[in-house]
Amino acid sequence: MSQNNGTLNLRVARIESVTPEIKRFTLVSPSGEHLPAFSGGSHVVVLVANPDKTLRNPYSLLSSPYDTSSYQIAVRRVDSGRGGSVALHDNVNEGDLIEVTPPVNLFPLIKQARLHLFIAGGVGITPVISQLEELRLSNVPFELHYAVRGEEHAQLGKELQATYGEQVHLYRKGVESRMEIGRILADRPLGSHVYVCGPDSMIDATLACARDLGWTESHVHYERFLEQSSGGEAFSFTLGRSGTTIEVSPDQTMLEAVEAAGFSMPYLCRGGACGHCETAVLELDGELLHTDDWLSDEDKASGKKIMPCVSRAQCNRLVIDL
Amino acid sequence: MLITGIKSRPVYDRLQPLPGGRRHIIAGQGSGGRAMLRLLDEMTGLDGPITLLYSKESFSGQDFLTDLQRYPDHELRPYASNQALIDDLNDLLSAAHMGTRLYLAGSESFLGSAMQVATRFDLNRDEVLREHSGTLVRRVWCVHCDTYTENVTQRVYDCPGCSLTLVVRDHYSRRLAAFQAVKADAEVPGELPPAEELDT
């Protein structure tokens, strides 16, 4: 398995359609070696080479942490996005090589938990699948509550039901009744942990219900998947150390624009969650448009820090410490 | 570093109402009753039932049971010993739900033993507060015979379990809720570290 710049070149062994919008890719080492180990909830970043630029899309691993002979990712096609998922759907075939970063985990299981509650919607099920795989060697009870838009989107949920039985509660729109997050979280024993991954509305509802029921933050875990269409207005900013001006196009993030200009900066999640790319703002004439989950409200209001992987600016001048 | 200067002793809190709690359990012992009373006054008007657990076991003989009885709105469970309180705390937490907040006040030995129970139920730092009261006499664990000795005030002491002369290290174990003590002259037989008063 060749590595360049720390990424892995993997062969696409299998591509399956699991819903009208989601394809599951199985990735293996071309030389048959085992892949780097990972834990449940991990993701990789897939480098999608487009003619004009390389897109970096994070995808959760859904294979078992106990079997590193392959990785699996699920890619939901977003036609209104920047083109990464569409390229993976349309241009990648079985046998092709693709480049991915080694796995990183920003959504791990809590080892001290006495009960795991998973709440997922749509393609948000992906990190939960490897978390459940990890729990196979654990005696700690769990429940999965999984909502999908209808029967044709339910295949991953039905696979999980076949594996884990009654611990999996499936909410198909038009088939079962609506998921009631407040009831899922009510009257749970001490040491319960909830993990939620899905649309923003589902995450926000879970956070609100948990708070109402007196759950503390240390028991609530969430991972947002970015709507890849989330771009914005074009703007430009300056790298303070070299004085280089970087233009950010409407479908680019600041981080991507920095990379496209030939610079590198630290990152892990590319989703505003991990804090790795936090950068100091040296000068600002305008407004920062924060969309991350990392900076505190005070930090956001101070205008002194920005998360270039997701946040943008509406400004005449912005200089960051890079 | 072998004996002193180890920063593992917990840094304790000041009891104050924890936001968002749906049910509050306040457990204390001896002079910890004073912190319980102060907390109760600060919790006036707060939502959610309050359960009080109080043990009269005390190194200094202080007893706040009568003062705690002046809060008839809250269930008060008195105990003759810290161990009886901790056993009951275990039962209480095993039936409790998410949204519970736990407040502990008392000696370091009591706090450590109660935290062993709280940790068993995965109560985290945002769900538990601990206020230390009284002296910092130590609960010490002998690495040689597994005997726990309460209220140790000297750096060098004789283990009541195995009669070895031990030196108390500043190494605190939250798992054991005790400081570690090892044979005092293990390096050079007969050569004892200076006898000193611990920072109680």
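The following questions and answers go through a predicted model with chains A and B.

Biologist: Into which domains is chain A divided?
Modeller: The assignment splits this chain into consecutive stretches of residues. Its domains are domain 1 (3-105), domain 2 (115-224) and domain 3 (235-320).

Biologist: How many residues does each side give to the contact between domain 1 of chain A and domain 2 of chain A?
Modeller: The C-alpha centres of these two domains are separated by 24 Å. The side of domain 1 of chain A that touches domain 2 of chain A divides into 8 nonpolar, 8 polar and 1 charged residues. In total the contact takes 17 residues from domain 1 of chain A and 12 residues from domain 2 of chain A.

Biologist: Which strands stand at the edges of the open sheet of 5 strands in chain A?
Modeller: The order of this sheet is β11-β10-β9-β12-β13 (chain A), with parallel pairing. From one strand to the next, the twist averages 10°. An edge strand here has a single partner strand, so one side of it is left without a neighbour in the sheet. That applies to β11 (168-172) and β13 of chain A.

Biologist: Which residue stands opposite Val196(A) in β13(A)?
Modeller: Strand β12 (residues 192-198) of chain A runs parallel to β13(A), and 5 bridges join them. Cys197(A) stands opposite Glu223(A) in β13(A). For Val196(A), the residue opposite is Tyr222(A).

Biologist: Is the β-α-β crossover from β12(A) to β13(A) right-handed or left-handed?
Modeller: Between β12(A) and β13(A), the chain passes through helix α5 (residues 200-212) of chain A. Helix α5(A) packs on the sheet, where it touches β9 (115-121), β12 and β13 of chain A. The direction of α5(A) makes about 160° with that of β12(A). The crossover is right-handed.

Biologist: How many residues of strand β13 (residues 220-224) of chain A are buried?
Modeller: Val220(A), Tyr222(A) and Arg224(A) point one way from β13(A), and His221(A) and Glu223(A) point the other way. Both groups are buried. The count for this strand is therefore 5 of its 5 residues, with a residue taken as buried at 20 or more other C-beta atoms within 10 Å.

Biologist: Is Leu8(A) buried or exposed?
Modeller: Leu8(A) lies in strand β2 (residues 7-17) of chain A. Its C-alpha atom is separated by 10 Å from that of Leu27(A), 19 residues apart along the chain. Because Leu8(A) has 20 C-beta neighbours inside 10 Å, this residue counts as buried.

Biologist: Is Asp187(A) buried or exposed?
Modeller: Asp187(A) sits in the loop between α4 (181-185) and β12 of chain A. Asp187(A) has a positive phi of about 55°, although it is not a glycine. Most residues other than glycine have a negative phi. Because Asp187(A) has 10 other C-beta atoms within 10 Å, this residue is exposed.

Biologist: Is Ala177(B) buried or exposed?
Modeller: Ala177(B) is also not a glycine, and has a positive phi of about 55°. The residue is found in the loop between β9 and β10 of chain B. With 22 C-beta neighbours inside 10 Å, Ala177(B) is buried.

Biologist: What is the bridge partner of Val168(B) in β10(B)?
Modeller: Strand β9 (residues 165-173) of chain B and strand β10 (residues 178-183) of chain B run antiparallel, joined by 5 bridges. In β10(B), the partner of Val168(B) is Ala181(B).

Biologist: Which are the edge strands of the open sheet in chain B?
Modeller: This sheet has 5 strands in the order β7-β6-β10-β9-β8 (chain B), with mixed pairing. Neighbouring strands are turned by 45° against each other on average, direction ignored. Each edge strand pairs on one side only. These strands are β7 (148-152) and β8 (156-158) of chain B.

Biologist: How far apart are the C-alpha centres of domain 1 of chain B and domain 2 of chain B?
Modeller: The domain assignment gives domain 1 (23-132) and domain 2 (138-183) for chain B. In the contact between them, 7 residues of domain 1 of chain B meet 7 residues of domain 2 of chain B. The centres lie 26 Å apart.

Note on methods
Residues numbered from 1 in each chain as written. Chains lettered and ligands numbered in written order. Predicted model: local features only at pLDDT ≥ 70, side-chain atom pairs only at ≥ 80, totals over all residues. Pairing = 2+ DSSP bridges. Helix = DSSP H or I, 4+ residues; strand = E, 2+ residues; numbered from the N terminus. Axes fitted to C-alpha atoms, helices over the stretch in contact; angles between N-to-C directions. Buried ≥ 20, exposed ≤ 12 C-beta atoms within 10 Å, placed from the backbone. Right-handed = clockwise from strand over helix to strand, strands pointing away. Domains from an automatic or database assignment. Contact = placed C-beta atoms within 7 Å. Nonpolar A, V, L, I, M, F, W, Y, C, P; charged D, E, K, R; others polar.
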